[in-house]
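Thanks for coming. I will go through one model, starting with how its two sides meet and then moving to what lies inside.

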Amino acid sequence: MKLAYWMYAGPAHIGTLRVASSFRNVHAIMHAPLGDDHFNVMRSMLERERDFTPVTASVVDRHVLARGSRDKVVNNISRKDEEQRPDSIVLTPTCTSSILQEDLQNFVDRASLYSESDVILADVNHYRVNELQASDKTLDQIVRHFLNKARGEGISNRSLTDMPSANIIGISTLGFHNQHDCRELKRLLGELGISINQIIPEGEFLKNLRDLPRAWFNVVPYREMGLMAATFLEKEYGMPFISQPPIGLLNTANFIARIGKLVNLWASASLEKEVNYDLYIENQTKFVSQAAWFSKSIDCQNLAGKEAAVFGDATHAASITKILVKEMGIRVSCAGTYCKHDVERFNEQVQGLCDEIIITEDHTKIGNMIARIEPSAIFGTQMERHIGKRIDIPCGVISSPVHIQNFPPGYRPFLGYEGTNQISDLIYNSFNLGMEDHLPDVFGGHDTKGVNTKSLSIDRVDIDWSPKAESELRKIPGFVRGKIRRNTEFFAKQNNISEITVDVMYAAKEKPSL
Amino acid sequence: MKTSETLAFECETGNYHTFCPISCVAWLYQKIEDSFFLVVGTKTCGYFLQNALGVTIFAEPRYAMAELEEGDISAKLNDQVELERICLQIKNDRNPSVIFWIGTCTTEIIKMDLEGIAPILEKRLGIPIVVARANGLDYAFTQGEDTVLAAMAHRCPEYKHYTGKDSGEFERVALINNSSNNKYLFQKEESLKSNLVLFGSLPSSVASQLNLELKRQSVPVSGWLPSQRYNELPNLGEGIFVCGVNPFLSRTATTLMRRRKCQLVGAPFPIGPDGTRAWIEKICSVFNKKAEGLEERENQIWNKNKDYIQIIRDKSVFFMGDNLLEISIARFLIRCGMTVYEIGIPYMDRRYQSAELSFLQDTCEKMKKPSPRIVEKPDNYSQVQRMHELKPDLAITGMAHANPLEARNIDTKWSVEFTFAQIHGFSNARDILELVTRPLRRKSGFTPNSRSLSKQTLLN
């Protein structure tokens, strides 16, 4: 048992439902008690979805507990089959069905006999995987299922398209800025002369999946969803894939260079010429994206050496860390992720870019970490935004879990060249920058409330501040005040000083940095 | 029963959307100020709570999950040891006066003996532990509160009444419970004259409004279940009259009657001015008091809200059903002149709600409106089909269906808001109307007849 107030990644069935309900005309039936269909609320509210979420529950109640589901699940499947004629019905286990240990596969087999739709049992274990892993796994399972089926029926199509083409794997409902990213990615590939073969799971029909292997290569924009399916396609169909997310200028350039390589594998045979994207990258970097010029501009000079903390899913946290450090000259004191299953890769990505790496699913650890290092800005999830609010540090939201305001109607991609512009804005706006913030502080300005202690940690220091030192502290600009306070208290403690006077403050300041 | 003859009751498949009953911790932890709610469940429960309760989760709430892991499910770990560790942590961090354990589907299925473990840990930790099984296997949404209050009813101090030699007056004695750690049982010093206890969790301002209404009729309220603090629970026992303020409290009512020997006052619920008046009148009649000035007061409220009532008069409404407030709100809306096509409701206790049901019927006759069909355990899919035929002006529905229905040009109001808004008593009638008219008011300023935006057509 674990005492938990909050979690970063949801339970497994959410991942399965995200994939299933992203495909077109697929219905998911959850084997779950009443009230477990909160996914529908999230989809309807967060995504402001206009259609009914194609998810229903086969309700587990007392009768099911006593006698087993018997025909209930099968009947529910056949009923949905008749009512809405989906191409496929995905039976989704939940934590409840995991422990009931009913033979769901048997229900699926029986239901398939009567149903016109393909019935699949999502193969995820609630107690072993989280939302992200489950989504990856379900997508892989569905792709496998339909490709194998097509192969069995002899209708699979493995001939490459004439012109270079790509599949985008891993765009789904309730994904962080996924819709905008998808549009940006399509544009990017289009400009490179690469057509989109398929985008899965979002909006694709299952019967089209048989054409999946016709693309020249696969693009997996997020490491959290799609890697397994891409790996399967590489192994079975020899399709190479790119899993480096094109977030930030460097990553995007890298991404395009890889595409160039992949296209050129076949280009000489199909196109009779090799592609070269160097000029495109240069043009985009210089003129379409403002990010390069922006970080060079005098405005951005103020950012140099500022400290930030980054936390989020593996894809976004790693990419943002890289942007902050390599593209904007910001110091990342700490980068972290809650994707415990992808730790190695994350470490490899941020190695050398930050002072500290933190891997945890416990938001209080992150809160304490942030309170300890007191960065000038945080880039994290909604939880970090609230942590920042409490201790008065601005936060830019860069990753799920998110609120409704992170599903903006306006165009806000994180990927590609437009993405770099958006990220520049986000980063720049997060640092309360320039004169606007400093002047009031420097002139003692509107801060009459006294000292903000800025701390989440519980360990209070029992050291008195003399009134004079207290007022001296108030003269220090707000954004460093908390840090100076802490350093001084630390210094006082080290030297067994019980009351902090102005002298002690300056003595502490002269001490080499802690 | 009189009502069953004309009101049509139906029961469907139970395939409907509602909140999990553990959501009751959201309002109960705020109501009972010194409590801590521990939900013993899985990631699914936790994820629901954090998403459904939104921002409260960031405000250091006094609730948390005891998240079950694989070791707990397979009984590799000892439940008692695990719970003790967690409760000790809670005690150290928050020092609550009471810890509520909310049992979930998982604890039901693996048959975790929460009721058995609680008394043991209660002794060891010195904090009362109340167990409520608010799970999705048995209950819907607001019924969660019902299970918690029913469990709390057992913890209320004993009320003993005996007739004095000559005065014949009741005297209350707070009997100390049999359990040894009874320090938390707060003994009320001042003895109140009345023996009326109201049950149902309401915001304190609403509770005092209702207290005031009854005081005006010289029927003072001696206590509330739940009280603002755990150690202020009301005395219960023979001679105590209890009355519910919410329609979903049938378990609590049963417990109060059977286990605590209280007498239940069966009244319509104080929702809407008509309901409030009927509620007060019923209570007064039990105490042999003649209710005074109520007709005037009711009319005053109706007059005050003419502007809103005008908007909804002769409009139609469809309740999909998810929080058990449906009957009372429908009755109020019919009185406002609306036509109710269907009242979906998760569970219908015809005995507990009998006064409300006959009041509904009377209201229909009075307003010359057809009796609505009452659909227990509704089927959301069929309901949407029916809605396509009936084309109601307003659907009162859960959040899962609101946006899709709006896109199909059916105005909706989220039913959840009725649970969290202040809707009881005379003065809050306007709040209900505020909620109900909002989608309709919004429309008048908007481009009318912006036809369906949906990309998917529904199979008919």
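I need one term before anything else: a salt bridge here is a side-chain nitrogen of Lys or Arg within 4 Å of a carboxyl oxygen of Asp or Glu. The model is predicted, so local features need pLDDT of at least 70 and side-chain atom pairs count only at pLDDT 80 or more, while totals for chains, interfaces and linings use all residues. Residues are numbered from 1 along each chain as its sequence is written, chains are lettered from A and ligands numbered from 1 in the order in which they are written, and side-chain values use heavy atoms, with hydrogens and water left out.

Let me begin with the interface. With contact meaning heavy atoms within 4.5 Å, chain B contributes 74 residues and chain A contributes 53 residues. The size of an interface is often given as the accessible area lost when the parts come together. Here the buried area, that is, the accessible area (1.4 Å probe) that two parts lose on being put together, summed over both, is about 5,500 Å² between chain B and chain A, and carbon and sulfur atoms give 60% of that.

How many salt bridges cross between chain B and chain A? The rule finds five. In one salt bridge, E108(B) meets R62(A), with the closest N and O atoms 2.5 Å apart. R62(A) and E108(B) also belong to a network of salt bridges with E115(B), R133(B) and D138(B).

Next, polar contacts, meaning a pair of N or O atoms within 3.5 Å; within protein, one must be able to donate a hydrogen and the other to accept it, and residues adjacent in sequence count only if both atoms are side-chain atoms. Across the interface of chain B and chain A there are 18 residue pairs in polar contact, both residues at pLDDT 80 or more. On the chain B side, the elements that each supply at least two residues include β2 (35–41), α5 (79–94), α16 (380–390) and α17 (399–407). Helices (H or I, at least four residues) and strands (E, at least two) are DSSP runs, numbered from the N terminus. By class, that side of chain B has 40 nonpolar, 19 polar and 15 charged residues. In this count Ala, Val, Leu, Ile, Met, Phe, Trp, Tyr, Cys and Pro are nonpolar, Asp, Glu, Lys and Arg are charged, and the others, Gly among them, are polar.

There is strand pairing between the chains as well; two strands pair if DSSP finds at least two bridges between them. Strand β1 (residues 2–4) of chain A runs antiparallel to β3(B), joined by three bridges. K2(A) stands opposite E67(B) in β3(B).

Now to chain B itself. Four of its strands form an open sheet, in the order β9-β8-β10-β11, with parallel pairing. β9 (223–225) and β11 (263–264) stand at the edges with a single partner strand each, so one side of each has no neighbour in the sheet. Strand β10 (residues 241–244) is joined to β11(B) by two bridges, and V242(B) has L264(B) as its bridge partner.

Elsewhere, β12(B) and strand β13 (residues 339–345) pair in the parallel sense over four bridges. F319(B) has I343(B) as its bridge partner in β13(B). For burial, the cut-offs are under 20% relative accessible area for buried, over 50% for exposed, and partly exposed in between (1.4 Å probe, protein chains only). Strand β12 (residues 316–319) is covered on both faces: S316(B) and F318(B) are buried on one side, V317(B) and F319(B) on the other.

What covers the buried residues of α16(B)? The cover includes α4 (72–84) of chain A, together with β12, β13, β14 (373–376), β15 (394–397) and α17 of chain B. Among those buried residues are Y381(B), V384(B) and M387(B). At the N-terminal end of α16(B), D379(B) acts as a cap, with a side-chain oxygen 3.1 Å from the backbone nitrogen of Y381(B). After α16(B) comes K391(B), whose phi is positive, near 45°.

R386(B) in α16(B) is buried too, with a relative accessible area of 16%. Its side chain meets that of E12(B) in a salt bridge (2.9 Å, N to O). E12(B) is in the loop between β1 (8–11) and α2 (24–31) of chain B, so to speak far along the chain: the two residues are 374 residues apart.
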